[in-house]
Amino acid sequence: MLLGIVLAGGQSRRMGTDKAMLTVQGKTQLQRTTDCLVDAGCEQIAISRNEVGFVTDQFLQQGPLAGIQACLAAYQCHEAVVIPVDMPLIESRSIAALIQFGRTQGHSCYFESSALPCYLFDLEVAKAQCMQRLQHGKRSINGFLQAIAAKPLRFKQNNLAKYELLNSNTPQQWQLAQHLMINKERAWDGQHHSHLSR
């Protein structure tokens, strides 16, 4: 079973408001990210968020790695893909490509320009490394990926695709993401209109 993990437990201090509840094309970022994982083929979704009704951290105040550890401990699955809630431009096809690369290689993997999203292939190793690193105060996602020998996947940059990995942690970054979304919609509308006119 492929588990989709949404990391939505941050305190959003720099944004000044809950990032997960910001709306993207009529959906909250939390709902859009969840839909993205389902469209990419995830059969179950785990949401790391320190509120009732979600998966809460066992290691408090330890960042995204603690969210990954808690979700892996809470669900029985064979493989997992992890995505933060603050990537409003990420597309399901890109997540699906990451999953396919990991399955083909038989390895955990990530896009070379960003530690997240990531695909976790050997969950027993991933669980053990999460636990071991958190117990020793090691919170780095990059360090975790190195420890499980995850492989980088080159992200194909074309049109606005290079912005899919943009994090929106501040109001300025969120404004940029909204601008890019508008331009992306206009580009798609233009291509669609051109196709219909042929």
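## Strand 1 and its partners

Val6 of strand 1 has Ile83 as its bridge partner in strand 5. That pair belongs to a parallel pairing in this predicted model, where six bridges tie strand 1 to strand 5. Further along the list of partners, Leu2 sits opposite Glu79 of strand 5. With strand 4, strand 1 makes another parallel pairing, this one held by five bridges. Here Leu7 has Ser48 as its bridge partner in strand 4.

How much of strand 1 is buried? Six of its six residues are buried, so the strand is largely enclosed by the rest of the structure. Both of its faces are covered: Leu2, Gly4 and Val6 are buried on one side, and Leu3, Ile5 and Leu7 are buried on the other.

## Strand 5, next door

Strand 5 tells a similar story in its own residues: six of six are buried, and the strand is mostly covered. Glu79, Val81 and Ile83 point one way, while Ala80, Val82 and Pro84 point the other way, and all of them are buried. Note that a charged residue, Glu79, is on that buried list.

Besides strand 1, strand 5 (residues 79-84) pairs with strand 7 (residues 118-120), and this time the two run antiparallel, joined by three bridges. Val81 has Tyr119 as its bridge partner in strand 7, and Val82 has Cys118.

## The whole sheet

Now step back to the sheet these strands belong to. Six strands make up an open sheet, ordered 4-1-5-7-6-8, with mixed pairing. In general, strands of a sheet pair through backbone hydrogen bonds, in either a parallel or an antiparallel way.

Which strands stand at the edges? Strand 4 (44-48) and strand 8 (151-153) do; each has a single partner strand, so one side of each is left without a neighbour in the sheet. From one strand to the next, the twist averages 20 degrees.

## Helices laid across the strands

Two helices are worth following over the sheet. Helix 1 (residues 29-39) lies across strand 1 (2-7), strand 4 and strand 5, and runs at about 160 degrees to strand 1. Helix 2 lies across strand 1, strand 4, strand 5 and strand 7, running at about 145 degrees to strand 1.

## Helix 2 meets helix 4

Two packed helices are described by the angle between their axes and by the distance between those axes. For helix 2 (residues 64-74) and helix 4 (residues 123-135), the angle is about 130 degrees and the axes are 10 Å apart. That makes helix 2 oblique to helix 4. The crossing of helix 2 past helix 4 is left-handed.

Which residues make the contact? Helix 2 brings Leu65, Ala66, Ile68, Gln69 and Leu72, and helix 4 brings Leu123, Ala126, Lys127, Cys130, Met131, Arg133 and Leu134. Sorted by class, the contact has nine nonpolar residues, one polar residue and two charged residues.

## Ile95, a buried spot in helix 3

Ile95 is part of helix 3 (residues 92-105). Is Ile95 buried or exposed? Its relative accessible area is 0%, so Ile95 counts as buried. Leaving aside residues up to four places away in sequence, Ile95 touches Cys36, Leu37, Ala40, Val81, Ile83, Ile90 and Pro117. Two of those names should look familiar: Val81 and Ile83 point one way from strand 5.

How far apart are Ile95 and Gly41 in sequence and in space? They are 54 residues apart in sequence and 9.1 Å apart in space, taken C-alpha to C-alpha.

## The chain as a whole

Put together, the secondary structure of the protein chain comes to six helices and eight strands. Reading from the N terminus, the elements go β-β-β-α-β-α-β-α-β-β-α-α-β-α.

Buried residues account for 47% of the 198 residues in the protein chain. As for contacts between residues at least 6 apart in sequence, 70% of them join residues at least 24 apart.

Key. Residues are numbered from 1 along each chain as its sequence is written. This is a predicted model: local features need pLDDT of at least 70, side-chain atom pairs count only at pLDDT 80 or more; totals for chains, interfaces and linings use all residues. Side-chain values use heavy atoms; hydrogens and water are left out. Axes are lines fitted to C-alpha atoms, for helices over the stretch in contact, and angles run from 0 to 180 degrees between N-to-C directions. Helices (H or I, at least four residues) and strands (E, at least two) are DSSP runs, numbered from the N terminus. Angles under 35 degrees count as roughly parallel, over 145 as roughly antiparallel, 65 to 115 as roughly perpendicular and the rest as oblique. A crossing is left-handed if the near helix is turned anticlockwise from the far one by less than a right angle, and right-handed if clockwise. Contact means heavy atoms within 4.5 Å. Two strands pair if DSSP finds at least two bridges between them. Buried means under 20% relative accessible area, exposed over 50%, partly exposed in between (1.4 Å probe, protein chains only).
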